[in-house]
Amino acid sequence: MARWIAEWHPDDPAFWESSGKRVARRNLIFSILAEHLGFTVWTLWSIVATKMGSYEFTTDQLFWLVALPNLIGSVLRVPYTFGPAKIGGRNFTVVSATLLLIPAVLLSVAVNNPGTPYWLFLVIAALAGFGGGNFASSMANITYFYPRNKQGVALGLNAAGGNIGVSSVQLVMPLVIGSLGLAAAGWFWIPFIVVAAACAFFFMDNLTSAKANPRQQLAVAGKAQTWIMSFLYIGTFGSFIGYSTAFPLLSKSLFPDAPYTAVAFAGPLIGSLIRPVGGWLADKLGGAPVTLWNFAAMGGGVLLVWLASTSGNFWMFFLAFQLLFLTAGIGNGSTYRMIPAIFQAKAVAERGDETEETLLYGKRQASAAIGIISAVGALGGFLINRAFGMAFAAAGTPAPAFLAFGVFYLSCLALTWWCYTRTVGVKVVASLAYARI
């Protein structure tokens, strides 16, 4: 599995136009394919949980099945981030795609046995977290392939292609399960997983320049910027994956007679397709201003969803939720654009030059930070589902969860303003000033 490119200079315009652009595009395409399948496996339980009426699980138990893949996927993102730097982006993509076969096969076997205990379903749902880890390795890998001024769109496209996997699950699975039974939820994806792993093997590349010592990369865990952006990413990507996986079960609990399975795919699709636009806006206007105003819109969106949830009208609830998906998608793109910009700005400030070596150092820092930030951000998917589960268990309504989400978005807005957009008293945080974008 050795296919290495030794000379890679994407920030050199001549190199980029002569050969770099073509190679980068090819790797991006097959990275998207593998990541897309990762998201489908990761979020399978968002639909499977709504089809388990014969098991007589409580609403809180079902939300646990939806939440666990998010928890395990977020934890796996840390080691997955360092995989490409250790064994190569192409090689790690092959491995990570192949691992998706495990939860897909086990799901199909378990639902074919009426006596499968709840604890075993929890284990199988947890293994679906393999799919969540793929995002971090894919994004860390693609960072190295593109020049600074094209990373916003490239990372946005890579992430969007993966995120659409949530929509694929929620569009296709109700039809597949309705026609072929619940076991088909796992079997259906196996041929696609095999194709994705094979394409990564034959068409992707490893970059020698991307190799790094994981211990050195972990040094970014000691930087304030890593944790500030992790907090903000809970608000954007955590919201996207949390709402995407919670919406079908939440709708079933609030509007049991509504056609929620027929339209559940729409929100994740909107959030995925708009993500590159968030990256593009950040490239043009700056990541921080876009992120700031986006959090304000998310706060308004959660208020509308809260009100709609008490209206008794599913379609009002559905439309209000689309605003949350739209803003979560834009925020995904803008916050992710901030990460490489911040760490490359810090590298330039620390070394006092913009040489290729300095820019590569900044990319390595950004790549490592992406893993930690995406891992913490993905915890939002777990927290949102658990918030809904606990709210129903304690109050019989999701209202307490919506209140908590609104307060959190307000805190994200305040943090973005304080660290990246304010002008009053900025000298007292000089360590952050040169990373403001």
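This passage describes the overall build of a predicted model of one protein chain and then turns to individual helices and residues.

The protein chain consists of 437 residues, and its secondary structure comprises 19 helices and two strands. Measured against the rule for a compact globule, which would give a radius of gyration near 22 Å for 437 residues, the chain has a value of 21 Å, and the two figures therefore agree. Along the principal axes, the C-alpha trace extends over about 65 × 55 × 35 Å. Of the residues in the chain, 60% count as buried, while the accessible surface amounts to about 15,900 Å², with 70% of that area belonging to carbon and sulfur atoms. When contacts between residues at least 6 apart in sequence are considered, 84% of them join residues at least 24 apart. The chain carries 26 positive and 15 negative charges, and the mean positions of these two groups lie 2 Å apart.

Two helices in the later part of the numbering can be described through their lengths and their burial. Helix α17, which covers residues 356–395, has 40 residues and should span 58 Å at 1.5 Å a residue; the C-alpha atoms at its ends are 57 Å apart, so the computed and expected spans agree. Of these 40 residues, 29 are buried, and α17 is therefore largely enclosed by the rest of the structure. The helix is followed by glycine 396, a residue with a positive phi near 75°. Helix α18, formed by residues 399–421, has 23 residues and reaches 32 Å from its first C-alpha to its last, which is close to the 33 Å expected at 1.5 Å a residue. The buried residues of α18 include the aromatic residues Phe402, Phe405, Tyr409 and Tyr420, and Ala399, Ala401, Cys412, Thr416 and Cys419 are buried in this helix as well.

Individual positions within other helices illustrate how residues distant in sequence are brought into contact, or remain apart. Alanine 125 is located in helix α6, which covers residues 118–127, and is classed as buried because its relative accessible area is 0%, below the 20% cut-off. Leaving aside residues up to four places away in sequence, alanine 125 touches Trp45, Leu65 and Pro69. The C-alpha atoms of alanine 125 and alanine 160, which are 35 residues apart along the chain, are separated by 23 Å.

Threonine 236, a residue of helix α12 (residues 224–254), is likewise buried, since its relative accessibility of 1% falls under 20%. With residues up to four places away in sequence again not counted, threonine 236 touches Phe295, Ala328, Gly331, Asn332 and Thr335. For one of these partners, phenylalanine 295, which is 59 residues away along the chain, the C-alpha separation from threonine 236 is 8.3 Å.

Isoleucine 164 belongs to helix α8, which runs over residues 151–180, and has a relative accessible area of 22%; this residue is partly exposed because that value lies between the cut-offs of 20% and 50%. Beyond residues up to four places away in sequence, the contacts of isoleucine 164 are with His36, Leu269, Ser272 and Leu273. Glycine 238, which is 74 residues from isoleucine 164 along the chain, has its C-alpha atom 15 Å from that of isoleucine 164.

Two further residues are placed in loops. Asparagine 213 is found between strand β2 (206–207) and helix α11 (214–217), and counts as partly exposed at 38% relative accessibility. Although asparagine 213 and alanine 85 are 128 residues apart along the chain, their C-alpha atoms are separated by 7.4 Å. Glutamate 56 lies in the loop between α2 (45–48) and α3 (59–87), where its relative accessible area of 72% is over 50%, so that this residue is classed as exposed. The backbone of glutamate 56 has a positive phi of about 55°, although the residue is not a glycine.

Definitions and conventions:
Residues are numbered from 1 along each chain as its sequence is written. This is a predicted model: local features need pLDDT of at least 70, side-chain atom pairs count only at pLDDT 80 or more; totals for chains, interfaces and linings use all residues. Side-chain values use heavy atoms; hydrogens and water are left out. Helices (H or I, at least four residues) and strands (E, at least two) are DSSP runs, numbered from the N terminus. The radius of gyration is taken over C-alpha atoms; the globule rule is 2.2 Å times the number of residues to the power 0.38. Buried means under 20% relative accessible area, exposed over 50%, partly exposed in between (1.4 Å probe, protein chains only). Contact means heavy atoms within 4.5 Å. Accessible areas come from the Shrake-Rupley method with a 1.4 Å probe; for residues, only the protein chains shown count as cover. Lys and Arg count as positive and Asp and Glu as negative; His and the chain ends are not counted. The place of a charge is taken as NZ of Lys, CZ of Arg, CG of Asp or CD of Glu. The expected span of a helix is 1.5 Å times one less than its number of residues.
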